[in-house]
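Student: Could you take me on a close look at the ligand site of this protein? I would like to see what surrounds the ligand.

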Amino acid sequence: MEYIVLNDGNKIPAIGFGVFTIPNDGPTYEAVTQALKAGYRHIDTAAAYFNEEDVGRAVRDSGIPRDEIFITSKLWLQDHGYEAAKKGIARSLRKLDLGYIDLYLVHQPYGDVAGAWKAMEEAKAEGTLRSIGVSNMSPAIWKKFVPDFATKPAVNQVEFNPLFQQKEIRALMAETDTKLEAWYPLGHGNAGLLGNPVITKLAEKYGKNAGQIILRFEVQEGVITLPKSTNPERIGTNQDVFDFELTEEEMKEMRALDTGKGSHDPDAPGVEEMLRGAFVIED
Ligand code: A2P
């Protein structure tokens with residue numbers, strides 16, 4: 001596994017295992033246990049995934065030293081604002097029960113983000129959160145909040161794959177050395193992407209599957225990538241991308257696949273309201 005150095009000096013494994021939509025009380029415990037056995041050392045959860053307890057339990061039971069595993073969680077919208085965020089951070093710490101959280105993100109960038117960020121900066125100073133970042137920030141949202149942050153986000157976790165390469169937000173993030181983390185890195189299984197001739201040609205050349213070519217491209221772009229799979233074989237092969245390298249010419253071909261369009265537009269009318277109504281996190 002390769003590591004990427006964040007702008008605060010902390011190191012993050014370039015490929016992580018995401019547990020979005022996997023239920024608590026068993027299935028997430030099993031999935032994380034399998035992922036750790038397969039060699040993953042980076043698990044991405046969130047308060048709004050409702051499975052922080054299982055993630056923590058699987059990590060504690062794994063026998064792997066805590067400092068060899070990188071855990072990300074995220075603050076939900078209901079906990080925005082300074083005082084509410086302090087409670088939200090404490091809740092995630094309690095549910096995970098792993099002593100500290102390696103990376104904590106503002107999950108959705110609406111409402112009192114500045115207050116939430118201040119609470120996250122304080123937790124970082126105290127050491128309960130090791131790195132802090134944001135998620136789903138479009139260029140417009142980034143410009144609204146980040147210039148006023150005293151601590152620049154270590155990451156911005158956004159939708160990213162070869163068809164949606166986020167060139168505009170990446171240019172802004174480069175100014176603060178903020179790393180991009182990719183959700184839907186395989187286009188959510190998009191057949192047009194996985195069957196794209198540029199990708200299948202490279203898969204044949206390197207003896208890899210299409211998903212591995214996409215993930216290799218992302219890692220070579222300096223992107224931290226969070227592929228999702230429930231298939232044990234693909235869970236394994238999705239992190240087996242460090243024994244080959246795409247040439248600069250091939251990287252150019254991959255970069256040319258960008259359409260500039262994804263499935264989620266954080267700026268679209270109604271998105272904030274839809275998300276606010278989506279979940280309630282209970283203590
Ligand atoms: P499966 O769970 O059967 O492996 P994303 O991470 O972009 O959301 O994509 C997840 C989707 O991509 C899932 O449907 C998953 O199906 C599929 N997938 C995961 N890894 C690969 C791979 N290496 N090749 C093809 N499809 C994959």
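Tutor: Happy to! A word on classes before we start: Ala, Val, Leu, Ile, Met, Phe, Trp, Tyr, Cys and Pro count as nonpolar, Asp, Glu, Lys and Arg as charged, and the others, Gly among them, as polar. With that in hand, and keeping in mind that this is a predicted model, look at the shell around the ligand: five of its residues are nonpolar, nine are polar and two are charged. The shell has 16 residues around the ligand, and those that come nearest are L186, H188, S229, T230 and R234.

Now for the polar side chains. R234, already named among the nearest residues, has a polar side-chain atom 2.6 Å from an oxygen atom of the ligand. Two asparagines face nitrogen atoms instead: N238 places a polar side-chain atom 2.9 Å from a nitrogen of the ligand, and for N209 the distance from a polar side-chain atom to a ligand nitrogen is 3.4 Å. As for cover, the ligand on its own has 570 Å² of accessible area, and the protein covers 79% of this. The space that the ligand takes up is the largest pocket.

To place the site in the wider fold, find the open sheet of eight strands, paired in parallel and ordered β3-β4-β5-β6-β7-β8-β9-β10. Its edges are β3 (17-18) and β10 (224-225); each has a single partner strand, so one side of each lacks a neighbour in the sheet. At the β3 edge, two bridges link this strand to the parallel strand β4 (residues 42-44), and there F17 sits opposite I43 of β4.

How values were computed: Residues numbered from 1 in each chain as written. Predicted model: local features only at pLDDT ≥ 70, side-chain atom pairs only at ≥ 80, totals over all residues. Heavy atoms only, no water. Near = heavy atom within 4 Å. Polar contact = N/O pair within 3.5 Å; in protein donor to acceptor, adjacent residues only side chain to side chain. Areas by Shrake-Rupley, 256 points an atom, 1.4 Å probe, with all protein chains shown as cover. 1 Å grid on protein atoms, 1.4 Å probe; cavity = no way out; pocket = protein on both sides within 12 Å on 5 of 7 lines; lining within 4 Å. Sits in = over half its atoms within 2 Å of the grid points. Pairing = 2+ DSSP bridges. Helix = DSSP H or I, 4+ residues; strand = E, 2+ residues; numbered from the N terminus.
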